[in-house]
Amino acid sequence: MITDAGLRAAVCEAYSAAARQPAGKHPFPVGREFAESLGYPGGLLDSLPASAVDAFAGVSNVSLFADIVEGSTVLDLGCGAGLDALIASRRTGAGGKVCGLDFSDSMLERASRAEREAGARNIELVHADAERLPLPDSAIDVVLVNGIFNLNRRRAEILGELTRVMRRGGMVFGAELILAAALPEGEHTCPTNWFA
């Protein structure tokens with residue numbers, strides 16, 4: 001059985017590799033074509049920095065279907081290269097704020113470059129773990145989660161942290177990969193199966 005630390009290291013390395021070389025071979029889809037297949041409009045992607053689009057590695061177009069009102073405070077949990085954070089930044093407007101949080105330095109570097117290229121002034125990028133959010137209680141109106149629960153066994157802790165940081169009446173919009181059936185015996189120990 002893969003340990004929590006081993007899984008975390010494998011996930012971090014896989015996503016960091018996608019940030020460093022998006023066009024390389026990865027255990028999950030990456031990039032613009034994949035984003036379009038999930039429903040991100042081509043025109044929208046054209047208007048965003050390629051540094052965010054090229055390394056996109058989510059599982060849905062959560063930032064488009066989430067109910068983000070102008071002036072809200074948004075947490076993009078597992079922000080990756082920053083595509084959803086940039087979209088949320090536009091939707092919440094100058095009076096709102098987006099906190100993009102990730103545990104991969106390489107992804108955060110890419111997201112930071114995209115933020116600068118886009119001229120976004122209402123995004124703060126934070127290096128942290130999802131189960132230990134460096135945020136005050138009741139600070140967030142909307143949380144976006146685009147495929148992280150399937151990559152972290154500490155789901156109860158993550159949900160506890162989301163409960164803590166959400167304002168009363170706040171909302172979490174998430175998309176995740178789930179198994180339709182149990183993996184055959186022995187396959188759950190292979191790290192690449194966590195991305196399939």
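Select Ser104 in this predicted model and display its side chain, which reaches the backbone nitrogen of Met107 at 3.1 Å. Ser104 is found in the loop between β2 (97–102) and α7. Its side chain also makes a polar contact with the side chain of Ser16, at 2.8 Å. Colour by accessibility next: because its relative accessibility is 0%, below the 20% limit, Ser104 counts as buried. Leaving aside neighbours within four places in sequence, the residues in contact with Ser104 are Cys12, Tyr15, Ser16 and His127.

Now extend the selection to helix α1 (residues 4–20) and helix α7 (residues 105–118). The axes of α1 and α7 come within 7 Å and cross at roughly 35°. The crossing of α1 past α7 is left-handed. To view the contact itself, show Tyr15, Ser16, Ala18, Ala19 and Arg20 on α1, together with Ser106, Met107 and Arg110 on α7. By class, this contact of α1 with α7 comprises 4 nonpolar, 2 polar and 2 charged residues.

Move then to helix α8 (residues 155–165), and select its buried residues: Ile158, Glu161, Leu162 and Val165. They lie on the same side of α8, because they cover an arc of only 100° around the axis. Ala156 and Thr163, on the other side of α8, are exposed.

Finally, add strands β1 (73–77), β4 (140–146) and β5 (166–175) to the display: the buried residues of α8 pack against these three elements.

Notes
Residues numbered from 1 in each chain as written. Predicted model: local features only at pLDDT ≥ 70, side-chain atom pairs only at ≥ 80, totals over all residues. Heavy atoms only, no water. Axes fitted to C-alpha atoms, helices over the stretch in contact; angles between N-to-C directions. Helix = DSSP H or I, 4+ residues; strand = E, 2+ residues; numbered from the N terminus. Left-handed = near helix turned anticlockwise from the far one by under 90°. Contact = heavy atoms within 4.5 Å. Nonpolar A, V, L, I, M, F, W, Y, C, P; charged D, E, K, R; others polar. Buried < 20%, exposed > 50% of the residue type's maximum accessible area, 1.4 Å probe, protein only. Arc of directions from axis to C-beta. Polar contact = N/O pair within 3.5 Å; in protein donor to acceptor, adjacent residues only side chain to side chain.
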